[in-house]
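This report introduces a single protein chain to a reader who has not met it before. The sequence and the structure are shown first, and the description follows.

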Amino acid sequence: MTHNQYQRQKIISGVAIAFSVTACSINPIGINSPLKTQQISSKLHAVAVPQPKIISQDNPQSQPSTKVENLSFRLPEKFQGQTVYHVQPNNNEKVIALSIDDGPWPKTTLQMLDILKQNDVKATFFWVGQALQANPEIAKQVVAEGHAIGNHTWHHWYRRMDEATAKNEIERTNELIYKTTGVKTTLFRPPGGVLNNGLAAYAKSQKDAVIMWSQTSADTDPHAKYQVFIKNVLRDAKPGSIVLMHDGGGDRQRTVQALPEIISRLKQQGYRFVTVPELLEMQK
């Protein structure tokens, strides 16, 4: 390798990818109340993440070891093209789904995976395309450990966009999810829960389910202590709830702190944890 080549490689390897991710943050809502979309600033802040490893179709060694052909998270017909906030399970069974947004993320996602594994809990991860591009090995581990996967767009933009842009945000992420993990998903969550900026409309046109939430940990509140996240989830838990949490988009150490007690105390109340696809199958 020449001196110039070495210098060029050194520069490239030292560049971190910055991308725009603003965490979802909407106040808790009642289980029977429709979610009112809030006015949210479209200004995004850049977050440095590790440089991605490129997966080459021509290099078998770079293919994900956890890739499973035809692993699909598909929907019962009644949920295709619909917006879902919660499910009313058969016999009002005490089931609840943890949904985790904005990853995969260095350190935090792995810590949460450990906690979920220790407690024999499966969750549903909604991935941002750029975060997935930067952290493919973490994504493979999420899938290998049996969690469900949804699409959370490529850039995590809130702004209004035309159909071509909305299509690119969703399809580009879907393609990378499949390329990296072998997963095909028809679960979509719009960043910030914004339903009127073109993203949800495109997802519905493809018969995806727009998966919202019926309660939130409010773990994007920069001032709240982790005990508040626990209180929020326990206070609003109901059979068929979909809980909003985050593993990416910023420092989520307080979410990591809260997660074990959230799981433990919900189990004490008789709740069983399921993925969002499993929950949809339980609709009475």
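A residue is called buried when its relative accessible area is under 20%, exposed when the value is over 50%, and partly exposed in between, with a 1.4 Å probe and protein chains only. By that measure, buried residues make up 53% of the 284 residues in the protein chain.

The model is predicted, and for that reason local features need pLDDT of at least 70 and side-chain atom pairs count only at pLDDT 80 or more, while totals for chains, interfaces and linings use all residues. Residues are numbered from 1 along each chain as its sequence is written, and side-chain values use heavy atoms, with hydrogens and water left out.

**Overall composition**

The protein chain holds nine helices and 13 strands; helices (H or I, at least four residues) and strands (E, at least two) are DSSP runs numbered from the N terminus. Contact here means heavy atoms within 4.5 Å. Among the contacts in the protein chain with a separation of 6 or more, 81% are accounted for by residues 24 or more positions apart.

**Helix α2 and its partners**

Two packed helices are described by the angle between their axes and the distance between the axes. Axes are lines fitted to C-alpha atoms, for helices over the stretch in contact, and angles run from 0 to 180 degrees between N-to-C directions. Angles under 35 degrees count as roughly parallel, over 145 as roughly antiparallel, 65 to 115 as roughly perpendicular, and the rest as oblique.

Helix α2 (residues 108-118) and helix α8 (residues 253-268) have axes that come within 10 Å and cross at roughly 10°; α2 and α8 are therefore roughly parallel to each other. On the α2 side the contact involves T108, Q111, M112, I115 and L116, which meet Q253, T255, V256, L259, P260 and I263 of α8. This contact of α2 with α8 has seven nonpolar, four polar and no charged residues, where Ala, Val, Leu, Ile, Met, Phe, Trp, Tyr, Cys and Pro count as nonpolar, Asp, Glu, Lys and Arg as charged, and the others, Gly among them, as polar.

Helix α2 also packs with helix α4 (residues 136-144), at an angle of about 15° and with the axes 10 Å apart. The angle makes α2 roughly parallel to α4. In this pair T109, L110 and L113 of α2 meet I138, Q141 and V142 of α4, and the residues of the contact divide into four nonpolar, two polar and no charged. Within α4, the buried residues are P136, I138, A139, K140, V142 and V143. Just after α4, G146 takes a positive phi of about 90°.

**Helix α7 and residue Q215**

The buried residues of helix α7 (residues 226-236) are F229, I230, N232, V233, L234 and D236. Their cover includes β11 (215-216), β12 (241-246) and α8. Q215 belongs to strand β11 and counts as buried, at 0% relative accessibility. A polar atom of the Q215 side chain lies 3.0 Å from the backbone oxygen of V233. Leaving aside neighbours within four places in sequence, Q215 is in contact with residues including N232, V233 and D236.

**Loop residues**

The loop between β12 and α8 contains G248, which counts as buried at 0% relative accessibility. G248 and P106 are 142 residues apart in sequence, and their C-alpha atoms are 8.2 Å apart in space. Apart from neighbours within four places in sequence, G248 is in contact with D101, D102, G103 and W105. The peptide bond from G103 to P104 is cis, with omega near 0°, and P104 is placed in the loop between β5 (95-103) and α2.

D162 is found in the loop between β7 (148-151) and α5 (163-181) and is partly exposed, at 47% relative accessibility. Its side chain makes a polar contact of 2.7 Å with the side chain of T165; such a contact is a pair of N or O atoms within 3.5 Å, and within protein one must be able to donate a hydrogen and the other to accept it, with residues adjacent in sequence counting only if both atoms are side-chain atoms.

Two residues other than glycine with positive phi values are listed below.

| Residue | Phi | Loop | Relative accessible area |
|---|---|---|---|
| D120 | near 55° | between α2 and β6 (124-127) | 64%, exposed |
| T153 | near 75° | between β7 and α5 | 0%, buried |
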